[in-house]
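Subject: Structure for you to look at

Hi there,

Here is the structure I promised to send over. Please open it alongside this message, and then read on for what turned up in it.

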Amino acid sequence: MARPRNEDRRNAILSAATRAIAFQGLGAPTAAIAKEAGVSNGSLFVYFDTKAALLNELYVALKTEMVATALAGLPVGSEPRERVLHMWMQWLRWATTSPEKRRALAQLQVSDDITAASHQAVNSASSAIADLLEQSRAGGPMQDAPLSFVLTLTNAIAETTIDAIIREPAEAETLTRVAFDAIWRVIAGA
């Protein structure tokens, strides 16, 4: 008879996988992940059928957490610029206070193991961000560019800003504002 799955163990495996991938890369062995999580390697496969299944669940979990954090407390009804600024600040805060998650996510995003279904789940979870960027770019210089390009451009500026904040934490507020102003001009033209 199969043992019931324990949510705490599942979460421990995901946390251990985050740390392992952040420091060892996508090649981190499942045995090391299991050991870090305090479970046997066999138990890991009770929760995740394959390593690819673990990577996909971790990818969706990390992206969903990042999006939820970015959207938390969004000032509904305010002008798009204020909402995008709020989202920007929350996103950068998540990334700079969760460096292991950010590093793991960066590797998972380029993994060939991440399925179309996982990408679709992330796109669905990110729809509010996409909608906000669509509203913000209406009438601006990026209005005719594909949304995927706008999202990639925004992400590139965010990653550059996060790296600069990590290197120069005393300049975090200034760097955050300067980068946001640049993004807003690119997206909205204002």
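Below I go through the salt bridges, the aromatic pairs, one arginine and the two largest pockets.

Please keep in mind that this is a predicted model.

**Salt bridges**

The structure contains eight salt bridges. Here are three of them, one within a helix and two between helices.

Let me start with Arg10 and Glu7, which form a salt bridge whose closest N and O atoms are 3.9 Å apart. That value falls inside the 4 Å limit used for a salt bridge. Both residues sit in helix α1 (residues 7-24), and because they are three residues apart there, about one helical turn separates them. Arg10 has a relative accessible area of 22%, so it counts as partly exposed. Glu7 is partly exposed as well, at 48% relative accessibility. The pair also belongs to a wider arrangement: Glu7, Arg10 and Glu57 are linked in a network of salt bridges.

Next comes Glu65, which forms a salt bridge with Lys101, and here the closest N and O atoms are 2.8 Å apart. This pair connects distant parts of the chain, with Glu65 in helix α4 (residues 51-71) and Lys101 in helix α6 (residues 99-109), 36 residues apart. Glu65 is partly exposed, its relative accessible area being 29%. Lys101 is partly exposed too, with a relative accessible area of 28%.

The third example is Asp181 with Arg81, where the closest N and O atoms of the salt bridge are 2.9 Å apart. Asp181 belongs to helix α10 (residues 172-188) and Arg81 to helix α5 (residues 80-97), so this salt bridge ties together parts that are 100 residues apart in sequence. Asp181 has a relative accessible area of 30% and is partly exposed. Arg81, at 35% relative accessibility, is partly exposed.

**Aromatic pairs**

How many aromatic pairs does a search of the whole structure find? The search gives two.

One is the edge-to-face pair of Trp88 and Trp91, with 5.9 Å from centre to centre and 85° between the planes. Both tryptophans lie in helix α5, three residues apart, or about one turn of the helix. Trp88 is buried, at 3% relative accessibility. Trp91 is also buried, with a relative accessible area of 11%.

The other is the pair of Phe180 and Trp184, which is stacked: the centres are 6.1 Å apart and the angle between the planes is 20°. These two residues are four residues apart in helix α10, so about one helical turn lies between them. Phe180 and Trp184 are both buried.

**A buried arginine**

Is Arg102 buried or exposed? At 14% relative accessibility, Arg102 counts as buried, because the limit for that class is under 20%. Arg102 is placed in helix α6. Leaving out residues up to four places away in sequence, Arg102 touches Trp94, Ala95, Glu159, Ile162, Asp163 and Ile166.

**Pockets**

The largest pocket holds about 550 Å³ of space. Its lining is made up of 20 residues, and those nearest the centre are Lys63, Asn123, Ser126, Leu151 and Asn155. Helices α4, α5, α7 (116-125), α8 (127-137) and α9 (147-167) each give two or more residues to this lining. By class, the lining of the largest pocket has eleven nonpolar residues, eight polar and one charged.

The second largest pocket holds about 160 Å³ of space. Which residues line the second largest pocket? They are Asn11, Leu14, Ser15, Thr18, Arg19, Leu58, Ala61, Leu62, Glu65, Glu100 and Lys101. At least two residues of this lining come from each of α1, α4 and α6, and α1 supplies the largest share, with five residues. The lining divides into four nonpolar, three polar and four charged residues. Glu65 and Lys101, listed here in the lining, also form one of the salt bridges described above.

Happy to talk any of this through whenever suits you.

Best wishes

Definitions and conventions
Residues are numbered from 1 along each chain as its sequence is written. This is a predicted model: local features need pLDDT of at least 70, side-chain atom pairs count only at pLDDT 80 or more; totals for chains, interfaces and linings use all residues. Side-chain values use heavy atoms; hydrogens and water are left out. A salt bridge is a side-chain nitrogen of Lys or Arg within 4 Å of a carboxyl oxygen of Asp or Glu. Buried means under 20% relative accessible area, exposed over 50%, partly exposed in between (1.4 Å probe, protein chains only). Rings of Phe, Tyr and Trp (its six-membered ring) pair if their centres lie within 6.5 Å; planes under 30 degrees apart count as stacked, over 60 as edge-to-face and the rest as tilted. Contact means heavy atoms within 4.5 Å. On a 1 Å grid over the protein atoms alone, a cavity is a set of points where a 1.4 Å probe fits but cannot get out, and a pocket is an open set with protein on both sides within 12 Å along at least five of seven lines; lining residues have an atom within 4 Å of a point. Grid points are joined across faces, edges and corners, and a volume is the space filled by probe spheres set on the points. Ala, Val, Leu, Ile, Met, Phe, Trp, Tyr, Cys and Pro count as nonpolar, Asp, Glu, Lys and Arg as charged, and the others, Gly among them, as polar.
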